[in-house]
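This report describes how the strands of one structure pair with each other. Please look at the sequence and the model below before reading on.

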Amino acid sequence: MAHEAHQRHPFLDDLTSDAEMTGTALRRPVSGRENIKKLIETVATLYKSQTPIFLETVGSRSFLQYEAELTNGMPLTGVAIIERNAEGGVHRVSITMSPLGPVLSLSGQLGALLGNDVGEDLFL
């Protein structure tokens with residue numbers, strides 16, 4: 001399941017305008033398609049590598065498990081739960097990551113890069 005440039009993202013392309021995202025690296029939910037896209041795209045710049053290891057859909061939910069290495073060399077594992085509405089739009093995403101050290105590092109880097117745009121109080 002190698003990532004290729006033409007491969008469709010599991011949820012970014014289908015976010016609803018009022019979508020909400022929660023995550024281990026966030027103090028509160030992020031609302032809105034554009035804010036979520038900006039956050040996910042910024043996270044991608046902080047990953048040296050990301051390898052999907054599981055993707056399965058059950059009903060209206062998809063489960064994506066991946067392993068990543070941050071640009072600072074710290075490894076982490078993530079699980080995204082992607083919830084779709086009746087029309088197929090993604091209205092809720094929850095991303096949990098571990099272990100705590102890399103999560104805190106990632107959140108701190110995100111705060112430095114995005115704090116002015118989405119709120120300094122969002123990051124750990």
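## Strands E4 and E5

Leucine 64 stands opposite alanine 80 in E5. The model in which this pairing is found is predicted. Leucine 64 lies within strand E4, which covers residues 61–70, while strand E5 covers residues 75–84. The two strands run antiparallel and are joined by 9 bridges.

E4 and E5 form a hairpin, with 4 residues between the strands. In this hairpin, glycine 73 has a positive phi near 90°.

## Strands E5 and E6

E5 also pairs with strand E6, residues 90–98. Here 8 bridges join the strands, and the direction is again antiparallel. One of the paired positions is isoleucine 81, whose bridge partner in E6 is serine 94.

How many residues lie between the strands in the hairpin of E5 and E6? There are 5 residues between them, and glycine 88 in this hairpin takes a positive phi near 95°.

## Strand E1 and its two partners

Strand E1, residues 15–23, pairs with E6 in the parallel sense, over 5 bridges. Within this pairing, methionine 21 has valine 93 of E6 as its bridge partner.

E1 is also joined to strand E2, residues 30–31, by 2 bridges, and these strands run antiparallel. Methionine 21 appears here as well: it stands opposite valine 30 in E2. The hairpin formed by E1 and E2 has 6 residues between the strands.

## Side chains in a strand

One general point helps when viewing the strands. In a regular strand, side chains alternate between the two faces of the sheet.

Note on methods
Residues numbered from 1 in each chain as written. Predicted model: local features only at pLDDT ≥ 70, side-chain atom pairs only at ≥ 80, totals over all residues. Heavy atoms only, no water. Pairing = 2+ DSSP bridges.
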